[in-house]
Amino acid sequence: MARQEKEIERLQAIRQHTLEEIERLKQELQAEVEPTSATDDDSAAEAAADIYERGKIVSLIQSLEAKVHSLERAIELAEQGKYGICEKCGSVIPKERLEIMPETTLCVRCASELEQGIRRHQLRVDTTE
Ligand SMILES: [Zn+2]
């Protein structure tokens with residue numbers, strides 16, 4: 001199958017944008033690491049708020065990194081002319097879904113099956129602990 005040039009271009013642009021966003025968030029994280037010299041209660045509360053903020057940024061970075069990973073997979077598929085086709089069942093992924101989630105390589109059904117599988121797995125891990 002032919003390379004899907006238009007899709008590759010679009011995916012690479014999104015990937016670039018996502019990488020820039022990760023870079024920006026990492027810099028933000030760096031900035032918040034700056035130690036404060038004050039030791040009163042106010043700054044303790046502030047520090048707690050900082051930790052909370054940092055946690056949010058860290059999880060945002062992680063989800064963006066996962067997105068980059070998916071985008072790279074999608075680009076690979078586009079190079080083989082297989083972008084927009086579910087990797088698992090081979091059915092065509094609706095255009096609307098690709099508009100909302102350009103990094104997806106699975107149709108809705110397979111993606112939700114996969115997600116449920118992960119959730120079941122997590123549940124098992126939780127109960128055995
Ligand atoms: Zn599928």
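Buried residues make up 10% of the 129 residues in this protein chain, where buried means that 20 or more other C-beta atoms, placed from the backbone, lie within 10 Å of a residue's own, exposed means 12 or fewer, and partly exposed is in between. You're working with a predicted model, where local features need pLDDT of at least 70, side-chain atom pairs count only at pLDDT 80 or more, and totals for chains, interfaces and linings use all residues. Residues are numbered from 1 along each chain as its sequence is written.

**Exercise 1. Work out which pattern the chain follows along its sequence.**

Start with the elements: there are 4 helices and 0 strands. Helices here are DSSP runs of H or I with at least four residues, strands are runs of E with at least two, and both are numbered from the N terminus. Now read along the sequence, and you get α-α-α-α. Then turn to contacts, meaning pairs whose C-beta atoms, placed from the backbone, lie within 7 Å. Of the contacts with a separation of 6 or more, 65% are between residues 24 or more positions apart.

**Exercise 2. Compare the reach of helix α2 with its expected span.**

First, count: α2 covers residues 41–79, so to speak 39 residues. Next, the expected span is 1.5 Å times one less than the number of residues, and for α2 that comes to 57 Å. Finally, check the model: α2 reaches 57 Å from its first C-alpha to its last, close to the expectation. Just past the helix sits G81, with a positive phi near 75°.

**Exercise 3. Find the residues of the largest nonpolar core.**

Such a core is a set of buried Ala, Val, Leu, Ile, Met, Phe, Trp, Tyr and Cys residues joined through C-beta atoms within 7 Å. Begin with the buried residues of α2, namely L71, A74, I75 and A78. Add L11 and Y83, and you have the full core of 6 residues. Helix α2 gives the most to this core, with 4 residues. Now look at L11: leaving aside neighbours within four places in sequence, L11 is in contact with L71, A74, I75, A78 and P102.

**Exercise 4. Are K26 and E28 buried or partly exposed?**

Take K26, in helix α1 (residues 5–33). K26 counts as partly exposed because it has 13 C-beta neighbours inside 10 Å. E28 is found in α1 too, and E28 is partly exposed, with 14 other C-beta atoms within 10 Å. As a last step, check the C-alpha separations: K26 and V58, 32 residues apart along the chain, are separated by 8.3 Å, while E28 and I57, 29 residues apart, are separated by 8.4 Å.

Notes:
Contact = placed C-beta atoms within 7 Å.
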